[in-house]
Amino acid sequence: MIFLQLFYTFFTIGMFGFGGGYGMLSLIQTETVIRHHWLSSAEFTNIVAISQMTPGPIGINSATYCGYTAVHNAGFTSEMAVLGSLTATFALVLPSLILMLLISKMFLKYMKTPLVQSIFMGLRPVVVGLLAAATLLLCNSENFSLPGVNPWQFCISIALFLATFVGTMWLKINPIRMICYSAVAGLVLLY
(Lines give C-alpha, C1' and ligand atoms only; values in the text may rest on other atoms or scores of the structure.)
Protein backbone atom coordinates (compact mmCIF):
# COMPACT_ATOMS: atom_id res chain seq x y z
CA MET A 1 0.00 0.00 0.00
CA ILE A 2 2.83 2.41 0.82
CA PHE A 3 4.23 1.95 -2.69
CA LEU A 4 0.94 3.04 -4.26
CA GLN A 5 0.77 6.01 -1.90
CA LEU A 6 4.37 6.91 -2.75
CA PHE A 7 3.65 6.66 -6.46
CA TYR A 8 0.49 8.76 -6.26
CA THR A 9 2.06 11.38 -3.98
CA PHE A 10 5.21 11.89 -6.05
CA PHE A 11 3.30 11.69 -9.34
CA THR A 12 1.12 14.54 -8.07
CA ILE A 13 4.18 16.51 -6.95
CA GLY A 14 5.78 15.96 -10.35
CA MET A 15 2.59 17.11 -12.05
CA PHE A 16 2.33 20.39 -10.12
CA GLY A 17 5.97 21.03 -9.17
CA PHE A 18 6.59 24.02 -11.43
CA GLY A 19 9.93 25.72 -10.99
CA GLY A 20 12.11 22.66 -10.67
CA GLY A 21 13.40 20.92 -7.59
CA TYR A 22 13.52 23.89 -5.24
CA GLY A 23 9.92 24.67 -6.10
CA MET A 24 9.00 21.07 -5.29
CA LEU A 25 10.60 21.08 -1.84
CA SER A 26 7.64 22.68 -0.12
CA LEU A 27 5.28 20.22 -1.81
CA ILE A 28 7.49 17.27 -0.84
CA GLN A 29 7.74 18.52 2.75
CA THR A 30 3.98 19.01 3.04
CA GLU A 31 3.20 15.55 1.68
CA THR A 32 5.91 13.49 3.39
CA VAL A 33 6.15 15.22 6.77
CA ILE A 34 2.77 16.85 7.44
CA ARG A 35 0.21 14.83 5.50
CA HIS A 36 1.52 11.24 5.52
CA HIS A 37 3.96 11.44 8.47
CA TRP A 38 6.47 9.29 6.59
CA LEU A 39 9.36 11.48 7.76
CA SER A 40 10.10 13.71 10.71
CA SER A 41 10.96 17.35 10.16
CA ALA A 42 14.58 16.64 11.11
CA GLU A 43 14.78 13.75 8.62
CA PHE A 44 13.40 15.98 5.87
CA THR A 45 15.95 18.68 6.69
CA ASN A 46 18.73 16.09 6.45
CA ILE A 47 17.35 14.82 3.16
CA VAL A 48 17.36 18.36 1.72
CA ALA A 49 20.95 18.88 2.86
CA ILE A 50 22.08 15.58 1.32
CA SER A 51 20.11 16.27 -1.88
CA GLN A 52 21.85 19.61 -2.31
CA MET A 53 25.30 18.12 -1.90
CA THR A 54 24.88 15.09 -4.16
CA PRO A 55 25.08 15.39 -7.95
CA GLY A 56 21.84 15.67 -9.85
CA PRO A 57 18.61 17.62 -9.63
CA ILE A 58 17.48 18.33 -6.08
CA GLY A 59 13.87 17.28 -6.74
CA ILE A 60 14.89 13.85 -8.00
CA ASN A 61 17.46 13.40 -5.23
CA SER A 62 14.86 14.37 -2.62
CA ALA A 63 12.30 11.96 -4.07
CA THR A 64 14.87 9.16 -4.05
CA TYR A 65 15.84 9.75 -0.42
CA CYS A 66 12.24 10.34 0.70
CA GLY A 67 11.07 7.11 -0.95
CA TYR A 68 13.84 5.12 0.68
CA THR A 69 13.35 6.68 4.12
CA ALA A 70 9.55 6.42 4.04
CA VAL A 71 9.60 2.71 3.20
CA HIS A 72 12.41 2.02 5.67
CA ASN A 73 10.57 3.91 8.44
CA ALA A 74 7.46 1.83 7.66
CA GLY A 75 9.38 -1.24 8.79
CA PHE A 76 10.41 -2.76 5.46
CA THR A 77 13.84 -4.16 4.65
CA SER A 78 16.57 -2.18 2.94
CA GLU A 79 15.88 -3.98 -0.35
CA MET A 80 12.23 -2.90 -0.22
CA ALA A 81 13.35 0.62 0.71
CA VAL A 82 15.39 0.73 -2.52
CA LEU A 83 12.19 -0.19 -4.38
CA GLY A 84 10.49 2.71 -2.55
CA SER A 85 13.19 5.11 -3.74
CA LEU A 86 12.80 3.86 -7.31
CA THR A 87 9.02 4.21 -7.08
CA ALA A 88 9.17 7.79 -5.80
CA THR A 89 11.80 8.83 -8.35
CA PHE A 90 9.95 7.25 -11.29
CA ALA A 91 6.65 8.79 -10.19
CA LEU A 92 8.22 12.25 -9.90
CA VAL A 93 9.75 12.10 -13.38
CA LEU A 94 6.82 10.43 -15.19
CA PRO A 95 4.53 13.51 -15.52
CA SER A 96 7.32 15.56 -17.06
CA LEU A 97 8.14 12.79 -19.51
CA ILE A 98 4.50 12.39 -20.54
CA LEU A 99 3.91 16.14 -20.85
CA MET A 100 7.08 16.72 -22.83
CA LEU A 101 6.24 13.97 -25.28
CA LEU A 102 2.69 15.26 -25.73
CA ILE A 103 3.35 18.96 -26.07
CA SER A 104 6.83 19.19 -27.57
CA LYS A 105 5.58 19.49 -31.15
CA MET A 106 2.70 21.82 -30.28
CA PHE A 107 4.87 23.99 -28.06
CA LEU A 108 7.39 24.70 -30.78
CA LYS A 109 4.57 25.57 -33.17
CA TYR A 110 2.61 27.84 -30.80
CA MET A 111 5.40 29.19 -28.57
CA LYS A 112 5.08 32.79 -29.78
CA THR A 113 1.29 33.02 -29.46
CA PRO A 114 -0.17 35.44 -26.91
CA LEU A 115 -1.99 32.65 -25.05
CA VAL A 116 1.19 30.65 -24.42
CA GLN A 117 3.10 33.79 -23.48
CA SER A 118 0.40 34.78 -20.98
CA ILE A 119 0.47 31.29 -19.43
CA PHE A 120 4.22 31.63 -18.85
CA MET A 121 3.74 35.12 -17.43
CA GLY A 122 1.24 33.66 -14.97
CA LEU A 123 3.56 30.82 -13.98
CA ARG A 124 6.48 33.10 -13.06
CA PRO A 125 4.98 34.43 -9.79
CA VAL A 126 3.90 30.90 -8.87
CA VAL A 127 7.47 29.65 -9.26
CA VAL A 128 8.81 32.50 -7.12
CA GLY A 129 6.18 31.73 -4.47
CA LEU A 130 7.09 28.03 -4.41
CA LEU A 131 10.79 28.88 -4.05
CA ALA A 132 10.02 31.32 -1.24
CA ALA A 133 7.87 28.69 0.50
CA ALA A 134 10.73 26.17 0.29
CA THR A 135 13.09 28.72 1.81
CA LEU A 136 10.72 29.57 4.65
CA LEU A 137 10.03 25.89 5.39
CA LEU A 138 13.75 25.34 5.93
CA CYS A 139 13.98 28.27 8.38
CA ASN A 140 12.98 26.10 11.33
CA SER A 141 14.42 25.16 14.70
CA GLU A 142 16.24 22.11 13.26
CA ASN A 143 18.32 24.40 11.02
CA PHE A 144 18.66 27.55 13.11
CA SER A 145 17.87 26.39 16.66
CA LEU A 146 16.07 28.91 18.87
CA PRO A 147 17.58 31.90 20.70
CA GLY A 148 16.23 30.64 24.01
CA VAL A 149 17.35 27.04 23.53
CA ASN A 150 20.85 27.43 22.08
CA PRO A 151 21.79 31.08 21.44
CA TRP A 152 25.28 30.20 20.16
CA GLN A 153 23.96 27.84 17.47
CA PHE A 154 21.24 30.32 16.54
CA CYS A 155 23.74 33.20 16.09
CA ILE A 156 26.18 31.02 14.12
CA SER A 157 23.36 29.73 11.89
CA ILE A 158 22.14 33.26 11.14
CA ALA A 159 25.71 34.46 10.50
CA LEU A 160 26.42 31.55 8.11
CA PHE A 161 23.12 32.16 6.33
CA LEU A 162 23.87 35.86 5.86
CA ALA A 163 27.51 35.24 4.84
CA THR A 164 26.41 32.67 2.26
CA PHE A 165 23.71 34.98 0.92
CA VAL A 166 26.09 37.94 0.60
CA GLY A 167 28.89 35.75 -0.77
CA THR A 168 26.81 34.25 -3.56
CA MET A 169 24.59 37.25 -4.31
CA TRP A 170 26.99 40.20 -4.29
CA LEU A 171 30.53 38.84 -4.08
CA LYS A 172 29.75 36.22 -6.75
CA ILE A 173 31.58 33.43 -4.92
CA ASN A 174 31.01 30.02 -6.48
CA PRO A 175 28.10 28.29 -4.63
CA ILE A 176 30.10 25.06 -4.32
CA ARG A 177 32.87 26.95 -2.56
CA MET A 178 30.30 28.63 -0.30
CA ILE A 179 28.91 25.21 0.66
CA CYS A 180 32.41 24.02 1.53
CA TYR A 181 33.22 27.21 3.46
CA SER A 182 29.95 26.98 5.39
CA ALA A 183 30.48 23.30 6.19
CA VAL A 184 33.95 23.95 7.57
CA ALA A 185 32.76 27.00 9.51
CA GLY A 186 29.82 25.03 10.93
CA LEU A 187 32.11 22.18 12.03
CA VAL A 188 34.62 24.55 13.62
CA LEU A 189 32.12 26.84 15.33
CA LEU A 190 29.44 24.38 16.42
CA TYR A 191 31.51 21.39 17.57
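**View 1. Gln29, tucked into helix 2.** At 9% relative accessibility, Gln29 falls under the 20% cut-off and so counts as buried. This is a predicted model, so read the close-ups here with that in mind. Gln29 sits in helix 2, which runs over residues 20–35. Setting aside neighbours within four places in sequence, Gln29 touches Ile34, Phe44 and Leu137. Arg124 is another story: Gln29 and Arg124 are 95 residues apart in sequence, and their C-alpha atoms are 22 Å apart in space.

**View 2. A salt bridge in helix 2, Glu31 to Arg35.** How many salt bridges does the structure hold? Just one, and here it is: Glu31 pairs with Arg35, with 3.0 Å between the closest N and O atoms. Side chains of opposite charge can pair when their charged atoms come close. Glu31 and Arg35 are four residues apart in helix 2, so about one helical turn separates them. Are the two partners buried or exposed? Glu31 counts as buried because its relative accessibility of 18% is under 20%. Arg35 counts as exposed because its 52% is over the 50% cut-off.

**View 3. Ser51 in helix 3.** Take a look at Ser51, which lies in helix 3, the stretch from 41 to 53. Ser51 is buried, with a relative accessible area of 1%. Which residues does Ser51 touch, leaving aside neighbours within four places in sequence? Its contacts are Ile58, Asn61, Ser62 and Tyr65.

**View 4. The largest pocket and its lining.** This pocket has a volume of about 1,600 Å³, and 38 residues line it. Nearest its centre lie Gln52, Phe161, Thr164, Ile179 and Ser182. Which helices each supply at least two residues of the lining? They are helix 2 (20–35), helix 3 (41–53), helix 6 (114–138), helix 7 (141–144), helix 8 (151–169) and helix 9 (175–190). Sorted by class, the lining has 23 nonpolar residues, 14 polar ones and one charged residue.

**View 5. Phe7 and Phe90, a tilted aromatic pair.** The structure holds four aromatic pairs, and this view shows the one formed by Phe7 and Phe90. The ring centres are 6.4 Å apart, with 35° between the planes, and the pair is classed as tilted. Why is this pair worth a close-up? Phe7 is in helix 1 (residues 2–16) and Phe90 in helix 5 (residues 78–110), so the pair ties together parts that are 83 residues apart in sequence. Phe7, at 30% relative accessibility, counts as partly exposed, and Phe90, at 48%, also counts as partly exposed. Bring Phe11 into the frame too: Phe7, Phe11 and Phe90 form one aromatic cluster.

**View 6. Phe165 against Trp170, edge-to-face.** Here is another aromatic pair, made by Phe165 and Trp170. The rings are 5.5 Å apart, centre to centre, and their planes meet at 85°. That angle is over 60 degrees, so the pair counts as edge-to-face. What about accessibility, exposed or buried, for Trp170? Trp170 is exposed, with a relative accessible area of 58%. Its partner Phe165 counts as partly exposed, at 39% relative accessibility.

Note on methods: Residues numbered from 1 in each chain as written. Predicted model: local features only at pLDDT ≥ 70, side-chain atom pairs only at ≥ 80, totals over all residues. Heavy atoms only, no water. 1 Å grid on protein atoms, 1.4 Å probe; cavity = no way out; pocket = protein on both sides within 12 Å on 5 of 7 lines; lining within 4 Å. Points joined across faces, edges and corners; volume = space filled by probe spheres on them. Nonpolar A, V, L, I, M, F, W, Y, C, P; charged D, E, K, R; others polar. Phe/Tyr/Trp six-rings, centres within 6.5 Å; stacked < 30°, edge-to-face > 60°. Buried < 20%, exposed > 50% of the residue type's maximum accessible area, 1.4 Å probe, protein only. Salt bridge = Lys/Arg side-chain N within 4 Å of Asp/Glu carboxyl O. Contact = heavy atoms within 4.5 Å.
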